Amino acid sequence: MRDKVLQKIFPAFGTVNMVTLYGNFDPDIAEEVKERALQLHRRFSFFEPGSDIFRINQQAGIKPVAVHQDTFFVLFRALAYGKETQGAFDITSGPMDRLWRNSIRSAKIPLKSDIIECRRLIGLSDLILDKAAGTAFLRRKGQQIDLGGIAKGYAADEALRILKKYKVCNALVNFGGTVIAIGREQRIGVQSPYQKNGEPMADIVVQNKAVITSGTYERGFFLDGRRYHHIIDPRTGWPADSGLLSLTLVGDGAMALDALATGICVLGEKSGLPLLEKHGIEAVFISSSGEIKITCGLQEKFFLKSK
Ligand code: AMP
Ligand code: MG
């Protein structure tokens with residue numbers, strides 16, 4: 001008999017999210033995964049008034065804000081990834097993210113004075129976490145946290161935790177390209193840069209692994225032969241220019257991979273490789289010149305589409 005498949009699709013984190021369970025499972029399990037993701041969306045959202053992140057940003061330079069332990073944990077880990085990437089992954093790049101988001105919308109480069117002003121507001125050392133009090137505080141008015149580069153990873157790890165609790169053996173979590181393949185071997189598509197229809201350029205075969213792609217091609221515009229996009233180099237205030245078009249990471253723990261993928265898109269391949277080796281993470285690097293590089297552990301698992 002063929003497997004039963006149960007699939008739930010829902011919007012959250014500004015993207016489409018999907019959980020697929022293979023086998024004869026209670027639909028309530030998929031519902032619980034969805035509800036948990038929506039709960040995290042409400043806690044982490046930059047835009048929703050009342051979210052932990054919204055309140056921290058609103059009270060920047062004023063007072064510490066009590067946050068849920070999910071938020072505290074993600075903020076705490078995000079600071080650690082910030083350190084590991086020498087500031088390339090920086091969740092305090094919120095003002096800069098907004099500036100470039102508007103710029104991408106209008107396909108116009110922001111004013112230099114605005115870039116300088118936003119650059120001044122970035123600083124991981126300005127985020128004060130008080131574990132005993134369960135509070136987070138941004139020291140200076142105007143500073144803003146944005147968890148866009150890490151939130152889906154944490155949510156995917158939480159989905160995995162729920163699925164394990166119910167002993168779901170075979171499943172696929174896909175939160176806007178942040179993927180965890182559970183149980184049986186599965187083929188995960190690596191999206192072709194610039195191909196809007198989501199057509200994969202290659203497949204990676206994985207088992208019990210997270211697969212995460214960060215791409216500078218995802219959102220942005222071209223002007224005078226240069227690409228301006230949504231992954232910002234917090235050190236310069238300009239879109240990352242590391243020579244990477246896209247980076248796919250394969251490993252354990254979606255949150256770590258999510259943060260490192262965003263950070264290494266900023267750092268580039270050369271500075272990123274030692275970090276990946278340290279964490280036992282495999283990678284596919286696609287450079288702006290179209291070159292594809294695959295780390296040793298993926299050589300037998302990476303299949304380029306012939307088209
Ligand atoms: P991702 O798709 O995981 O690479 O995350 C991209 C999102 O992370 C952007 O849309 C911003 O919200 C945020 N972001 C952009 N640049 C950075 C950065 N250097 N560090 C942390 N978050 C960033
Ligand atoms: Mg990320």
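**Close-up views of a magnesium site and an open sheet**

**View 1. The magnesium ion (ligand 2) is held by Gly149 (O), Asp258 (O), Asp258 (OD) and Thr262 (OG1), with coordination at 2.0 to 2.4 Å.** Donors here are N, O and S atoms within 2.8 Å of the metal (3.2 Å for Na, K and Ca), and since water is not among the atoms, sites may look incomplete. This is a predicted model, in which local features need pLDDT of at least 70 and side-chain atom pairs pLDDT 80 or more, while totals for chains, interfaces and linings use all residues; side-chain values rest on heavy atoms, without hydrogens or water. Residues count from 1 along each chain as its sequence is written, and chains are lettered from A and ligands numbered from 1 in the order in which they are written.

**View 2. Along the chain, the donors of the magnesium ion (ligand 2) are spaced as G-x108-D-x3-T.** Glycine 149 lies in the loop between β5 (135-138) and α6 (151-165), and threonine 262, 113 residues apart from it, in helix α7 (residues 254-267). Helices (H or I, at least four residues) and strands (E, at least two) are DSSP runs, numbered from the N terminus. Both glycine 149 and threonine 262 are buried (under 20% relative accessible area, 1.4 Å probe, protein chains only).

**View 3. Eight strands form an open sheet in the order β1-β2-β6-β7-β10-β15-β16-β17, paired antiparallel.** β1 (5-12) and β17 (292-294) each have a single partner strand, so one side of each lacks a neighbour in the sheet. Strands pair if DSSP finds at least two bridges between them.

**View 4. Strands β10 (residues 209-215) and β15 (residues 244-251) run antiparallel, joined by six bridges.** Isoleucine 212 has leucine 249 of β15 as its bridge partner.

Methods: Buried means under 20% relative accessible area, exposed over 50%, partly exposed in between (1.4 Å probe, protein chains only).
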